[in-house]
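Please look through the sequence and the model shown below before reading on. The report afterwards moves from the whole chain to a few single residues.

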Amino acid sequence: MSSVPSGIHDLDTRLARTAVLIERLLENLLADEPAEGEVTRPARLTAAMRHGALGGGKRLRPFLTVEAGLLCNAPAERGLRAGAAVELLHCYSLVHDDLPAMDDDDLRRGRPTVHKAFDEATAILAGDALLTLAFEVLANEATHPDGAVRAALVTCLARASGVGGMVGGQMFDLAAEGRFEAVRGALPDAEIRRLQAMKTGALLAASVEIGARLGGADAAALAALGRYGRALGATFQIADDILDVESDAAQMGKATAKDADKGKGTLVGALGLAGAKRERDRLSAEAVEALSGFGEKADVLRAAARFAAERKS
Ligand code: GRG
């Protein structure tokens, strides 16, 4: 397999290159033919999984895994496999988030959502199967020859995406909308930040940590990249809140202006639009600052932190 050239520093070029390689890997993983050890694969299910995972998305999470891996001297091929696992998990979360019982969205990545293109039961199962496949990919020895490293990657992804991470954050989000009991007033700033750190930030931070662990990063590098990943995750989520207000569906490939309608706690609501933009830029600078010990090899991750703040979709 061709790999990501490490000499290229242009963010757009590297992001696009990783997206192509991830698409190829995902196509292979989501084929109709059963993988070794499987009985068979229902064609409707693999088609729905491909609809949810192929042909769209910025592939920012696998990009972070590959680039954090390269920074810590992990081969790009390992970063790509682990990055594909993170992207499978991310795609599962989008498929389930779009369901009528969650956000009830018709449009994702500029296309009908999986339950619209197929049906609700198929979309639930497609999400389930993307989620479980993510862990199988990480646990496979093609991802890393050392079983202890693979176990650490699995633990990292599970913690970021489960009850104390993304799924827990989604639960707080639904509660904040008043789904389970009436809510009194807006969420305090600190609770919005905690919810967002779980729902969105944890998986972005894990994308970075998984890359670092693939490269055998030491405790100091893991701590610095942890600070980077958390600040980048928070930057990304505030940018999402700002785009929900300032952008439109054509640009985003999904419905916008939904947060205020649903009474969602966002930092735009808490800080105002201008305050949210200042906070976004502060967090992006914090992410860049966390990389101060890494020299120019980390320039592409610095550029990614700025991209998370300035992105238009
Ligand atoms: C349903 C278990 C479960 C979790 C849902 C991730 C999530 C939690 C919900 C997605 C809703 C949302 C709009 C979150 C805000 C930030 C976010 C994750 C945006 C989508 O990620 P991008 O912009 O999407 O990286 P692409 O399409 O580029 O991959």
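What follows describes the overall build of the chain, then its nonpolar cores, and then some individual residues.

**The whole chain**

The model is a predicted one, and its chain has a secondary structure of 13 helices and two strands. The radius of gyration is 19 Å, close to the 20 Å that the globule rule gives for 313 residues, so the chain is as compact as a globular protein of that length. Taken along the principal axes, the box that the C-alpha atoms fill is roughly 50 × 50 × 35 Å.

Of the 313 residues, 52% count as buried, while the chain exposes about 13,700 Å², of which carbon and sulfur atoms supply 55%. If one takes the contacts between residues at least 6 apart in sequence, 71% of them join residues at least 24 apart. As for charge, the chain has 38 positive and 44 negative charges, and the mean positions of these two sets are 2 Å apart.

**The nonpolar cores**

The largest nonpolar core has 45 residues, and those that touch the most other members are L30, L88, L130 and L157. Several helices give two or more residues to this core, among them α1 (11-29), α6 (120-139) and α9 (189-214), but the largest share, eleven residues, comes from α4. L157 shows how distant parts of the sequence are brought into contact, for, not counting residues up to four places away in sequence, L157 touches V86, L89, A134, F135, L138, L203 and I210. A second, separate core has 30 residues, including C72, L204, A231 and A305.

**Single residues**

Which residues with charged side chains are buried, and which are partly exposed? The table sets out relative accessible areas for three such residues and for M102, where under 20% counts as buried and over 50% as exposed.

| Residue | Relative accessible area | Class |
|---|---|---|
| R59 | 3% | buried |
| E279 | 10% | buried |
| R50 | 24% | partly exposed |
| M102 | 27% | partly exposed |

E279 is found in helix α12 (residues 267-290), where, leaving aside residues up to four places away in sequence, E279 touches R193, I238 and L271. R50 is found in helix α2 and, with its neighbours within four places in sequence left aside, is in contact with L30, A31 and D32. The C-alpha atoms of R50 and A224 are separated by 35 Å, and the two residues are 174 residues apart along the chain. M102 lies in the loop between α4 and β1 (107-108), and although M102 and M171 are 69 residues apart in sequence, their C-alpha atoms are 10.0 Å apart in space.

Two arginines deserve a look at their backbone angles. Most residues other than glycine have a negative phi. R59, however, has a positive phi of about 60 degrees although it is not a glycine, and R59 sits in the loop between α2 and α3. R109, also not a glycine, has a positive phi of about 50 degrees, and its place is in the loop between β1 and β2 (111-112).

Conventions:
Residues are numbered from 1 along each chain as its sequence is written. This is a predicted model: local features need pLDDT of at least 70, side-chain atom pairs count only at pLDDT 80 or more; totals for chains, interfaces and linings use all residues. Side-chain values use heavy atoms; hydrogens and water are left out. Helices (H or I, at least four residues) and strands (E, at least two) are DSSP runs, numbered from the N terminus. The radius of gyration is taken over C-alpha atoms; the globule rule is 2.2 Å times the number of residues to the power 0.38. Buried means under 20% relative accessible area, exposed over 50%, partly exposed in between (1.4 Å probe, protein chains only). Contact means heavy atoms within 4.5 Å. Accessible areas come from the Shrake-Rupley method with a 1.4 Å probe; for residues, only the protein chains shown count as cover. Lys and Arg count as positive and Asp and Glu as negative; His and the chain ends are not counted. The place of a charge is taken as NZ of Lys, CZ of Arg, CG of Asp or CD of Glu. A nonpolar core is a set of buried Ala, Val, Leu, Ile, Met, Phe, Trp, Tyr and Cys residues joined through side-chain atoms within 4.5 Å.
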